Amino acid sequence: MKADLAPGSPACLAQPPDAAEETRSLLALTAAEARYRGVLEAAADAIFLVDAGGSILLANSSAERMFGYRPGSLSGLCIDLLVPEAKRAAHGEHRARFDAQPRHGSRRLTHLAGQRRDGSVFPAEISLSYINEASGTIVTCAVRDVSERDRQALALRRLNASLRLIHDCNAALVRAGSESEMIAGHR
(Lines give C-alpha, C1' and ligand atoms only; values in the text may rest on other atoms or scores of the structure.)
Protein backbone atom coordinates (compact mmCIF):
# COMPACT_ATOMS: atom_id res chain seq x y z
CA MET A 1 0.00 0.00 0.00
CA LYS A 2 1.42 3.35 -0.97
CA ALA A 3 0.34 6.43 0.93
CA ASP A 4 0.17 8.45 -2.30
CA LEU A 5 -2.62 6.14 -3.53
CA ALA A 6 -4.82 6.61 -0.48
CA PRO A 7 -8.42 7.60 -1.26
CA GLY A 8 -8.65 11.35 -1.77
CA SER A 9 -4.91 11.83 -2.30
CA PRO A 10 -3.80 13.89 -5.33
CA ALA A 11 -2.26 10.82 -7.02
CA CYS A 12 -5.45 8.82 -6.54
CA LEU A 13 -7.67 11.68 -7.76
CA ALA A 14 -5.47 12.19 -10.83
CA GLN A 15 -6.21 8.64 -12.04
CA PRO A 16 -9.13 7.92 -14.35
CA PRO A 17 -12.34 7.12 -12.38
CA ASP A 18 -12.12 3.35 -13.04
CA ALA A 19 -8.49 3.22 -11.94
CA ALA A 20 -9.24 5.28 -8.81
CA GLU A 21 -12.12 2.96 -7.90
CA GLU A 22 -9.93 -0.06 -8.54
CA THR A 23 -7.25 1.42 -6.28
CA ARG A 24 -9.78 2.08 -3.50
CA SER A 25 -11.12 -1.46 -3.84
CA LEU A 26 -7.60 -2.89 -3.70
CA LEU A 27 -6.80 -0.84 -0.60
CA ALA A 28 -10.05 -1.93 1.08
CA LEU A 29 -9.36 -5.57 0.22
CA THR A 30 -5.81 -5.34 1.54
CA ALA A 31 -7.06 -3.75 4.79
CA ALA A 32 -9.75 -6.43 5.19
CA GLU A 33 -7.22 -9.22 4.63
CA ALA A 34 -4.89 -7.67 7.22
CA ARG A 35 -7.77 -7.36 9.70
CA TYR A 36 -8.84 -11.00 9.26
CA ARG A 37 -5.23 -12.21 9.42
CA GLY A 38 -4.85 -10.22 12.66
CA VAL A 39 -7.93 -11.91 14.15
CA LEU A 40 -6.67 -15.32 13.05
CA GLU A 41 -3.21 -14.75 14.51
CA ALA A 42 -4.56 -13.29 17.78
CA ALA A 43 -6.50 -16.49 18.54
CA ALA A 44 -5.05 -18.65 21.31
CA ASP A 45 -6.64 -21.75 19.74
CA ALA A 46 -5.18 -23.53 16.76
CA ILE A 47 -7.23 -22.58 13.70
CA PHE A 48 -7.18 -24.43 10.40
CA LEU A 49 -8.99 -24.02 7.09
CA VAL A 50 -9.30 -27.44 5.48
CA ASP A 51 -10.67 -28.40 2.07
CA ALA A 52 -13.00 -31.33 1.37
CA GLY A 53 -10.03 -33.59 0.65
CA GLY A 54 -8.56 -32.95 4.09
CA SER A 55 -5.72 -30.69 2.92
CA ILE A 56 -4.80 -27.84 5.23
CA LEU A 57 -5.25 -24.60 3.31
CA LEU A 58 -4.32 -22.29 6.18
CA ALA A 59 -3.09 -22.66 9.76
CA ASN A 60 -2.46 -19.89 12.27
CA SER A 61 0.71 -19.57 14.34
CA SER A 62 -1.06 -21.06 17.40
CA ALA A 63 -1.65 -24.22 15.34
CA GLU A 64 2.02 -24.38 14.42
CA ARG A 65 3.09 -23.99 18.07
CA MET A 66 0.45 -26.38 19.45
CA PHE A 67 1.32 -29.16 17.02
CA GLY A 68 5.08 -28.47 16.89
CA TYR A 69 5.48 -27.42 13.25
CA ARG A 70 7.64 -24.68 11.72
CA PRO A 71 5.87 -21.59 10.40
CA GLY A 72 4.20 -22.27 7.07
CA SER A 73 4.88 -26.01 7.12
CA LEU A 74 1.31 -27.15 7.87
CA SER A 75 -0.17 -25.81 4.62
CA GLY A 76 -0.77 -28.63 2.16
CA LEU A 77 -0.52 -31.41 4.75
CA CYS A 78 -3.47 -33.69 5.42
CA ILE A 79 -5.34 -32.78 8.61
CA ASP A 80 -5.37 -36.51 9.49
CA LEU A 81 -1.66 -36.22 10.39
CA LEU A 82 -2.70 -34.22 13.46
CA VAL A 83 -4.93 -37.04 14.73
CA PRO A 84 -3.37 -39.83 16.85
CA GLU A 85 -2.20 -42.62 14.59
CA ALA A 86 -4.57 -45.19 16.09
CA LYS A 87 -7.56 -43.02 15.12
CA ARG A 88 -6.48 -41.73 11.69
CA ALA A 89 -8.41 -44.22 9.57
CA ALA A 90 -11.61 -43.56 11.52
CA HIS A 91 -11.01 -39.81 11.27
CA GLY A 92 -10.78 -40.03 7.48
CA GLU A 93 -14.07 -41.94 7.42
CA HIS A 94 -15.72 -39.35 9.71
CA ARG A 95 -14.51 -36.54 7.44
CA ALA A 96 -15.91 -38.27 4.36
CA ARG A 97 -19.27 -38.79 6.05
CA PHE A 98 -19.44 -35.17 7.22
CA ASP A 99 -18.44 -33.87 3.79
CA ALA A 100 -21.26 -35.86 2.18
CA GLN A 101 -23.93 -34.28 4.40
CA PRO A 102 -25.23 -30.75 4.05
CA ARG A 103 -24.70 -28.77 7.24
CA HIS A 104 -25.14 -25.34 8.75
CA GLY A 105 -23.65 -23.58 11.72
CA SER A 106 -20.94 -25.15 13.79
CA ARG A 107 -20.28 -28.30 15.75
CA ARG A 108 -18.32 -28.76 18.97
CA LEU A 109 -16.55 -32.04 19.65
CA THR A 110 -15.12 -32.90 23.06
CA HIS A 111 -12.96 -35.67 24.49
CA LEU A 112 -10.77 -35.90 21.42
CA ALA A 113 -7.00 -35.90 21.01
CA GLY A 114 -4.39 -34.28 18.83
CA GLN A 115 -0.95 -35.54 17.90
CA ARG A 116 2.08 -33.29 17.73
CA ARG A 117 4.85 -33.62 15.18
CA ASP A 118 7.02 -35.36 17.83
CA GLY A 119 4.31 -38.03 18.27
CA SER A 120 3.09 -36.85 21.67
CA VAL A 121 -0.68 -36.86 22.12
CA PHE A 122 -2.74 -34.28 24.01
CA PRO A 123 -6.43 -34.01 24.95
CA ALA A 124 -8.38 -31.59 22.76
CA GLU A 125 -11.73 -30.00 22.08
CA ILE A 126 -12.54 -29.15 18.49
CA SER A 127 -15.08 -26.80 16.94
CA LEU A 128 -15.98 -27.22 13.28
CA SER A 129 -17.68 -24.64 11.10
CA TYR A 130 -18.49 -24.99 7.44
CA ILE A 131 -18.09 -22.39 4.72
CA ASN A 132 -19.74 -23.16 1.39
CA GLU A 133 -17.86 -21.60 -1.52
CA ALA A 134 -18.27 -21.98 -5.26
CA SER A 135 -15.17 -24.20 -5.26
CA GLY A 136 -16.57 -26.46 -2.52
CA THR A 137 -16.91 -26.66 1.23
CA ILE A 138 -14.16 -25.33 3.46
CA VAL A 139 -14.06 -26.51 7.06
CA THR A 140 -12.87 -24.12 9.75
CA CYS A 141 -11.42 -26.16 12.57
CA ALA A 142 -10.54 -24.62 15.95
CA VAL A 143 -8.55 -26.87 18.27
CA ARG A 144 -8.10 -26.20 21.98
CA ASP A 145 -5.48 -28.08 24.01
CA VAL A 146 -7.28 -28.97 27.25
CA SER A 147 -4.28 -30.60 28.96
CA GLU A 148 -4.07 -28.00 31.73
CA ARG A 149 -7.81 -28.04 32.36
CA ASP A 150 -7.74 -31.85 32.57
CA ARG A 151 -4.79 -31.71 35.01
CA GLN A 152 -6.68 -29.22 37.18
CA ALA A 153 -9.84 -31.35 37.11
CA LEU A 154 -7.84 -34.43 38.17
CA ALA A 155 -6.17 -32.47 40.98
CA LEU A 156 -9.58 -31.26 42.15
CA ARG A 157 -11.00 -34.81 42.12
CA ARG A 158 -8.01 -36.04 44.16
CA LEU A 159 -8.37 -33.17 46.61
CA ASN A 160 -12.10 -33.90 47.02
CA ALA A 161 -11.32 -37.59 47.64
CA SER A 162 -8.75 -36.60 50.29
CA LEU A 163 -11.24 -34.26 51.94
CA ARG A 164 -13.89 -37.02 52.01
CA LEU A 165 -11.35 -39.37 53.62
CA ILE A 166 -10.42 -36.75 56.23
CA HIS A 167 -14.11 -36.11 56.91
CA ASP A 168 -14.81 -39.83 57.30
CA CYS A 169 -11.80 -40.29 59.62
CA ASN A 170 -12.83 -37.28 61.68
CA ALA A 171 -16.39 -38.63 61.99
CA ALA A 172 -15.02 -42.03 63.08
CA LEU A 173 -12.81 -40.36 65.73
CA VAL A 174 -15.77 -38.38 67.05
CA ARG A 175 -17.84 -41.57 67.28
CA ALA A 176 -14.97 -43.42 68.95
CA GLY A 177 -14.54 -40.57 71.44
CA SER A 178 -18.25 -40.58 72.26
CA GLU A 179 -18.23 -44.34 72.74
CA SER A 180 -15.16 -44.09 75.00
CA GLU A 181 -16.90 -41.48 77.13
CA MET A 182 -19.97 -43.67 77.43
CA ILE A 183 -17.89 -46.68 78.46
CA ALA A 184 -15.93 -44.62 80.97
CA GLY A 185 -19.17 -43.21 82.41
CA HIS A 186 -20.54 -46.69 83.17
CA ARG A 187 -17.69 -47.74 85.42
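These are my notebook entries on the sheet, the aromatic rings and a surface patch of this predicted model.

**Sheet.** I began with the strands. They form an open sheet of 5, in the order 2-1-5-4-3, with antiparallel pairing. I looked for the edges next: strand 2 (56–59) and strand 3 (106–115) each pair on one side only. From one strand to the next, the twist averages 25°.

I then followed edge strand 3 to its partner. Strand 3 and strand 4 (residues 121–133) run antiparallel and share 8 bridges. Within this pairing I noted Leu 112, which stands opposite Ala 124 in strand 4.

**Aromatic rings.** I counted 2 aromatic pairs in the structure. I looked up Phe 48 and Phe 67, which pair edge-to-face. Their centres are 5.7 Å apart and their planes make an angle of 65°. That angle counts as edge-to-face because the cut-off is over 60 degrees. The two residues come from distant parts of the chain, 19 residues apart. Phe 48 sits in strand 1 (residues 46–50), and Phe 67 in helix 3 (residues 61–67).

Are these two rings buried or exposed? Phe 48 is buried, at 1% relative accessible area. Phe 67 is buried too, at 2%. I also recorded one aromatic cluster, made of Phe 48, Phe 67 and Phe 122.

**Surface patch.** Last, I turned to the surface. Leu 156, Leu 159, Leu 163 and Ile 166 make up a nonpolar patch there. Together they have about 400 Å² of accessible area. I checked Ile 166, which lies in helix 5 (residues 147–185). Ile 166 counts as exposed because its relative accessibility is 54%.

Key. Residues numbered from 1 in each chain as written. Predicted model: local features only at pLDDT ≥ 70, side-chain atom pairs only at ≥ 80, totals over all residues. Heavy atoms only, no water. Patch = residues over 30% accessible without salt bridge, like charges linked within 9 Å, V, L, I, M, F, W, Y side chains within 5 Å. Areas by Shrake-Rupley, 256 points an atom, 1.4 Å probe, with all protein chains shown as cover. Salt bridge = Lys/Arg side-chain N within 4 Å of Asp/Glu carboxyl O. Helix = DSSP H or I, 4+ residues; strand = E, 2+ residues; numbered from the N terminus. Buried < 20%, exposed > 50% of the residue type's maximum accessible area, 1.4 Å probe, protein only. Phe/Tyr/Trp six-rings, centres within 6.5 Å; stacked < 30°, edge-to-face > 60°. Pairing = 2+ DSSP bridges. Axes fitted to C-alpha atoms, helices over the stretch in contact; angles between N-to-C directions.
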